[in-house]
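Thanks, everyone, for making the time this morning. I would like to walk through the voids in this model and then through two pieces of its interior, so please have the viewer open.

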Amino acid sequence: MTHTELSIEFFPPQTDEGAEKLRLARARLAQLKPAFFSVTYGAGGSTRERSFATVQEIAAEGHEAAPHLSCIGSTRAGIREILAEYAATGIRRIVALRGDLPSGAGAAGEFRYANELVEFIRSETGDRFSIEVAAYPEWHPQARSPRDDLLAFKRKVDAGANSAITQYFYNLDAYRHFVDEAHALGVAIPIIPGIMPITSFSRLARFSDACGAELPRWMRRKFESYGDDSDSIKAFGLDVVTELCQHLIAEGVPGLHFYSMNQAGPTCAIVERLGLK
Ligand code: FAD
């Protein structure tokens, strides 16, 4: 079997207790030998200090840290400053995003779309950072059309992205189709599937509606049939996501990016079942 590289995403914890829990989770997840840990960044800089602190901790532990950077609501000067901070910390990889401002939030700043951020990072810092961008196999919820979304993705690649991470999905055909269409447009960078382990159905259903990821009917119905039986929900979730990863690996995906939700258990269980550990 070819080697499947793993990467694992965290959000910056809000409390000291959350930070301690994340340290423990990270120690377990580090045993999976991921290529990098990434850390999300709230649009408009809302988590700037916490994201930066988490990134620094990860780097200090000797792991590769990949900060996310969202540009909506930001100025060029502000982004320049953050890039300088990251460069000084020895960061080599950035996940470049547009982000979402809360509805009613004010000025959109000097960037409209993620391709402008990728362009800016390249023009300011050359090849210093490897740049990851987001991809949407089931299309971004605000996209005018699937074709427009695909072209928007290609613009990010043309602006200098090295690799892409997808929104999570449970429909393998959507991913296959997206990758085929991107290849047909000449996109040659790796498109790494984003994997969301399932531990709670109601939370996942809410989240999926908001970000435009489909929970297939057969899965929904099955989860609903378990009611409050959280053990059955977890067991079924583990089966479904492991099977999805098995198919992806069999198709030769270059990597898997886990949305860990700051928990070690679900990601470790999947990776162990896959025999990647
Ligand atoms: P873009 O690529 O700019 O696309 C946004 C929308 O605009 C799409 O609908 C696209 O089709 C459309 N579009 C692009 N260009 C044009 C144009 N020229 N004209 C008209 N329409 C256009 N959010 C955070 O706030 N922080 C994070 O850390 C974070 N991490 C993420 C990590 C991953 C792997 C993923 C998949 C998403 C993440 N997000 C994060 C969510 C992301 O910020 C949102 O999905 C956001 O709405 C879009 O960001 P983007 O970078 O994909 O935007």
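The lining of the largest cavity, sorted by class, comprises 7 nonpolar, 2 polar and 1 charged residues, where Ala, Val, Leu, Ile, Met, Phe, Trp, Tyr, Cys and Pro count as nonpolar, Asp, Glu, Lys and Arg as charged, and the others, Gly among them, as polar. Those lining residues are Y136, P137, E138, W139, Q167, Y168, F169, C211, G212 and A213, and the space they enclose is about 50 Å³.

Before going further, I should say that this is a predicted model, in which local features need pLDDT of at least 70 and side-chain atom pairs count only at pLDDT 80 or more, while totals for chains, interfaces and linings use all residues. Residues are numbered from 1 along each chain as its sequence is written, and side-chain values use heavy atoms, with hydrogens and water left out.

On the terms: working on a 1 Å grid over the protein atoms alone, a cavity is a set of points where a 1.4 Å probe fits but cannot get out, a pocket is an open set with protein on both sides within 12 Å along at least five of seven lines, and lining residues have an atom within 4 Å of a point. Grid points are joined across faces, edges and corners, and a volume is the space filled by probe spheres set on the points.

How many cavities of 30 Å³ or more does the structure hold? There are 2, and the second largest has a volume of about 30 Å³, with Y41, R48, F52, I82, E85 and Y86 as its lining. Helix 2 (48–60) and helix 3 are the elements that each supply two or more of those residues, helices being DSSP runs of H or I of at least four residues and strands runs of E of at least two, numbered from the N terminus. Helix 3 has the largest share, 3 residues, and by class this lining has 4 nonpolar, no polar and 2 charged residues.

Turning to the pockets, the largest has a volume of about 1500 Å³ and is lined by 45 residues, of which L97, G99, D100, Y136 and H140 lie nearest its centre. Its lining has 26 nonpolar, 11 polar and 8 charged residues, and helix 5 gives the largest share of it, 6 residues.

Y136, P137 and W139, which we met in the lining of the largest cavity, are also among the residues that F178 touches, a list that further includes A135, L150, F153 and I191 and leaves out residues up to four places away in sequence; contact here means heavy atoms within 4.5 Å. F178 sits in helix 6 (residues 172–184). Is F178 buried or exposed? It is buried, with a relative accessible area of 1%, where buried means under 20%, exposed over 50% and partly exposed in between, using a 1.4 Å probe and protein chains only.

Finally, helix 4 (residues 114–125) has 12 residues and should span 16 Å, and its end C-alpha atoms are indeed 16 Å apart; the expected span is 1.5 Å times one less than the number of residues. Its buried residues are A114, N115, E116, L117, V118, F120, I121 and R122, and what covers them includes strand 3 (65–70), helix 3 (76–89), strand 4 (93–97), strand 5 (130–135) and helix 5 (146–158). Just after helix 4, G126 takes a positive phi of about 60 degrees.
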